[in-house]
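Me: I would like a close look at one part of this model, the last helices and the loop that joins two of them, with whatever else in the chain helps to place that part. Please take it step by step and keep the backbone geometry in view.

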Amino acid sequence: MTNGNIQLLSETLAKAKAENRAALIAYLPAGFPTVDGGIAAIKAVFDGGADVVEVGLPHSDPVLDGPVIQTADDIALRGGVKIADVMRTVKEAHEATGKPVLVMTYWNPIDRYGVERFTEELAAAGGAGCILPDLPVQESAVWREHADKHGLATVFVVAPSSKDARLATITAAGSGFVYAASLMGVTGTRESVGEQAADLVRRTRATSGLPVCVGLGVSNATQAKEVAAFADGVIVGSAFVQRILDADGDEAAGLAAVRELAGELAAGVRRVS
């Protein structure tokens, strides 16, 4: 039985902490703009300075994703991306870089594919685990049993609306890190949302020793620095996807753009005052 790379993920986050900085976690969907193009983009993001990459499993109804990621998912799905392509993306990105690669997916595709098969293949591909934004903790026992068996992290998502008792339940069931989701600039002013995210991190840390990483609509080094001041990791997705969309089919330009953005963000998470 192949073991996944939860240990590598934990060590990577611990190393960032030891360097007195936040980890930079990038998100890119598999199959976008193509399967090979997506793998190249992930390598470029690692090359630019990302510590961890989340590979999105494109879904036809991405309820929690904004319009930019929905556009990318759409392109990937029209290109015929399959779960096998997601596994290949994880495998090639991890093998080329030795860095931790997770999958972010809604529950339905895993459920249809089969939990045992999915966890086994993800571990065999060298995956570090899964982020499961819509899997309720109370329904996660079967997933967690298989994930634990295969050495994979189970990353749950918490939100500012999560009450303290609920946070404790979620963090007790999770592993790897906790994904704190908050939207920058959607609910009121950005300043107040930053405060809301900082409060969520503080409340989550009170329930768990797991690192808390924040996905906050961060798109530049200044925002990355702001979040790095209170979080263990800064998660950036739409900004990377947007750079590839802006390249408008010019693969070399897209790769250069995501590499450059990763470099700027990596510098941002290191400027912790």
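**The loop before the last helix**

Reply: Asp-248 counts as exposed, because its relative accessibility is 69%. This residue of the predicted model lies in the loop between helix 11 and helix 12, and its phi is near 55 degrees, a positive value in a residue other than glycine. The position of that backbone feature along the chain is just after helix 11.

Helix 11 itself, which spans residues 238–246, has Ala-239, Phe-240, Val-241 and Ile-244 as buried residues. The cover over these buried residues comes from several parts of the chain, including strand 1 (23–29), helix 2, helix 3 (67–78), strand 9 (233–236) and helix 12 (251–270).

On the other side of the loop, helix 12 packs against helix 10, residues 221–228, at an angle of about 35 degrees, and the two axes are 7 Å apart. The crossing of helix 10 with helix 12 is right-handed. From helix 10 the residues that take part are Ala-221, Ala-224, Lys-225 and Ala-228, and they meet Glu-264, Leu-265, Gly-268 and Val-269 of helix 12. Sorted by character, the residues of this contact comprise five nonpolar, one polar and two charged.

Helix 2, named above as part of the cover over helix 11, has a packing partner of its own. Helix 2 (residues 35–48) and helix 4 (residues 83–97) have their axes 9 Å apart and pack at an angle of about 35 degrees, in a crossing that is right-handed. Helix 2 brings Val-35, Asp-36, Ile-39, Ile-42, Lys-43 and Phe-46 to the contact, while helix 4 brings Asp-85, Arg-88, Thr-89, Glu-92, Ala-93, Ala-96 and Thr-97. In this contact of helix 2 with helix 4, six residues are nonpolar, two are polar and five are charged.

Strand 1, also listed in the cover over helix 11, is flanked by loops that deserve attention in a check of the backbone. In the loop between helix 1 and strand 1 lies Asn-20, which has a positive phi of about 55 degrees although it is not a glycine. Asn-20 counts as exposed, because its relative accessibility is 55%. The loop between strand 1 and helix 2 holds Pro-33, and the peptide bond that leads from Phe-32 to Pro-33 is cis, with omega near 0 degrees.

Further towards the start of the chain, Asn-5 is found in the segment before helix 1 (6–18). The side chain of Asn-5 makes a polar contact, at 3.2 Å, with the side chain of His-94. Once neighbours within four places in sequence are set aside, the residues in contact with Asn-5 are His-94, Gly-126, Gly-127, Ala-128 and Gly-151.

A last point concerns covalent cross-links, for which a search of the whole structure finds zero disulfides. Cys-130 is in no disulfide, and the nearest cysteine sulfur, in Cys-213, is 16 Å away. Seen from Cys-213, the closest cysteine sulfur is that of Cys-130, and the two are not bonded because 16 Å is too far for a bond. Cys-130 counts as buried because its relative accessibility is 0%, and Cys-213 likewise counts as buried, at 0% relative accessibility.

Conventions:
Residues numbered from 1 in each chain as written. Predicted model: local features only at pLDDT ≥ 70, side-chain atom pairs only at ≥ 80, totals over all residues. Heavy atoms only, no water. Helix = DSSP H or I, 4+ residues; strand = E, 2+ residues; numbered from the N terminus. Polar contact = N/O pair within 3.5 Å; in protein donor to acceptor, adjacent residues only side chain to side chain. Contact = heavy atoms within 4.5 Å. Disulfide = S-S within 2.5 Å. Buried < 20%, exposed > 50% of the residue type's maximum accessible area, 1.4 Å probe, protein only. Axes fitted to C-alpha atoms, helices over the stretch in contact; angles between N-to-C directions. Left-handed = near helix turned anticlockwise from the far one by under 90°. Nonpolar A, V, L, I, M, F, W, Y, C, P; charged D, E, K, R; others polar.
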